[in-house]
Amino acid sequence: MNFSGSHILSIDQFDRGDVETIFNVADKMAPFAKRDSITKVLDGAILGSMFFEASTRTRISFGSAFNLLGGSVRETTGFEHSAIAKGESLYDTARVLSGYSDVIVMRHPENGSVLEFSKASRVPVLNGGDGTNEHPSQALLDLYTIKNELAFRGRNIDRLRIAMVGDLKFGRTVHSLCKLLALFKDIRVVLVSPEELKMPRELVEYLKEQGQEVIESDALEESISNVDIVYSTRIQEERFKSQEEADIYRGRFRLNQTIYTANCEPNTVIMHPLPRDSREHARELDDDLNDNPNLAIFRQTDNGVLVRMALFALVLDVEHEINSSARDTIWYTAGRSL
Ligand code: NCD
């Protein structure tokens, strides 16, 4: 695809070459994200950051990524602080906000809302998560992490074996990740969920049509014994009618160090888009995994900055100019290794 000036709304937009382009640009962002160097390539540019749903890492990492490229961030969070609470349409909000920004990142609770917003926007719009539909930047950072973790083991993405565990019905990160994995070769996807929270049929069918192997299960231990990656997810409580309904599923699939040691291959990588639900009755990824070197969850969050920097650089067409304004960092930066 031609990234310059494009919206980034869905993994459907990408082919394998596009994904490789994003990852190559992300690799070049490491010195800036590690604070070895600073660049001002987006000096003067403004990111409009609009998060109408709870977010910590997606919102802050998009903002940090833009700041690390030298740009400034204007934020609005929650409907209650925006004119949408006064009845303003997405169309009007997009017309207005795109006059104030060079690029916009948006999260919204309704499926398709970011697409609708983008149609009225005068600047590129990046989808920070639309309802249960998609979360493309998360899937890109997840696959970028998978690529790096496998590279340590002398492997590449083709022939990956991955188990996705938890709320596969409402989890938008796994929806986007399935679409992304479908672009590669000989992928085996093991989908582990309660019957009621299975991966949407159209995504299972799509993976199969693309030649990937899909296995569905509701048993954790046997499903994680033969995979390179265990990708755990949180029960998406905000999508359920009540907390009580979410409670039925919370805590159903818990991975802890004992279960990991008993079932997983020694190098199986543990991932999660975060936040993990650390409350007693949930704990889909137990804290006792924190010292496990294969726990990649904080490498994922660090990689999110690189991937989001790459998306901004590509969409705003400065990926070849990054080094032109680079200079060494002069403040204390130790302990930032990615
Ligand atoms: C995810 C999301 O918002 O979809 N979080 C994130 O952006 N890393 C996953 C979740 O909230 O469970």
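Two domains and two helix pairs

In this predicted model, the centres of domain 1 and domain 2, taken over C-alpha atoms, are 25 Å apart.

User: What makes up domain 1 and domain 2?

Analyst: The domain assignment gives residues 11–134 + 301–328 to domain 1 and residues 136–298 to domain 2. Domain 1 brings 31 residues to the contact, and domain 2 brings 28 residues.

User: What is the area buried between domain 1 and domain 2, and which atoms give 58% of it?

Analyst: The buried area is about 2600 Å², and carbon and sulfur atoms give 58% of that area. On the domain 1 side, I11, R16 and F23 supply 27% of the area that this domain buries against domain 2, more than any other three residues.

User: Why are α4 and α5 called oblique to each other?

Analyst: Helix α4 (residues 90–97) and helix α5 (residues 113–120) pack at an angle of about 50 degrees. Roughly parallel needs an angle under 35 degrees, and roughly perpendicular runs from 65 to 115. The angle of about 50 degrees fits neither class, and α4 and α5 are therefore oblique to each other. Their axes are 8 Å apart, and α4 passes α5 in a right-handed crossing.

User: Which residues make the contact of α4 with α5?

Analyst: From α4 come L90, Y91, T93, A94 and R95; from α5 come S113, E116, F117 and A120. By class, this contact has five nonpolar, two polar and two charged residues.

User: Why are α3 and α12 also described as oblique?

Analyst: The axes of α3 (residues 57–68) and α12 cross at roughly 55 degrees. That value is set against the same limits: under 35 degrees for roughly parallel, and 65 to 115 for roughly perpendicular. Roughly 55 degrees falls in neither, and α3 and α12 are therefore oblique to each other. The two axes come within 8 Å, and α3 passes α12 in a right-handed crossing.

User: What makes the contact of α3 with α12?

Analyst: The α3 residues are R57, T58, S61, F62, A65, F66 and L68, and the α12 residues are T301, V305, R308, M309 and F312. They divide into seven nonpolar, three polar and two charged.

User: How do you know which peptide bond is cis, and where is P275?

Analyst: The bond from L274 to P275 has omega near 5 degrees and is cis. P275 is in the loop between β10 (269–271) and α12 (297–315).

User: What is the phi of R159, and where does R159 lie?

Analyst: R159 has a positive phi of about 70 degrees, although R159 is not a glycine. R159 lies in the loop between α6 (136–152) and β6 (161–165).

How values were computed: Residues numbered from 1 in each chain as written. Predicted model: local features only at pLDDT ≥ 70, side-chain atom pairs only at ≥ 80, totals over all residues. Heavy atoms only, no water. Axes fitted to C-alpha atoms, helices over the stretch in contact; angles between N-to-C directions. Helix = DSSP H or I, 4+ residues; strand = E, 2+ residues; numbered from the N terminus. Parallel < 35°, antiparallel > 145°, perpendicular 65-115°, else oblique. Left-handed = near helix turned anticlockwise from the far one by under 90°. Contact = heavy atoms within 4.5 Å. Nonpolar A, V, L, I, M, F, W, Y, C, P; charged D, E, K, R; others polar. Domains from an automatic or database assignment. Buried area = accessible area lost by both parts, 1.4 Å probe.
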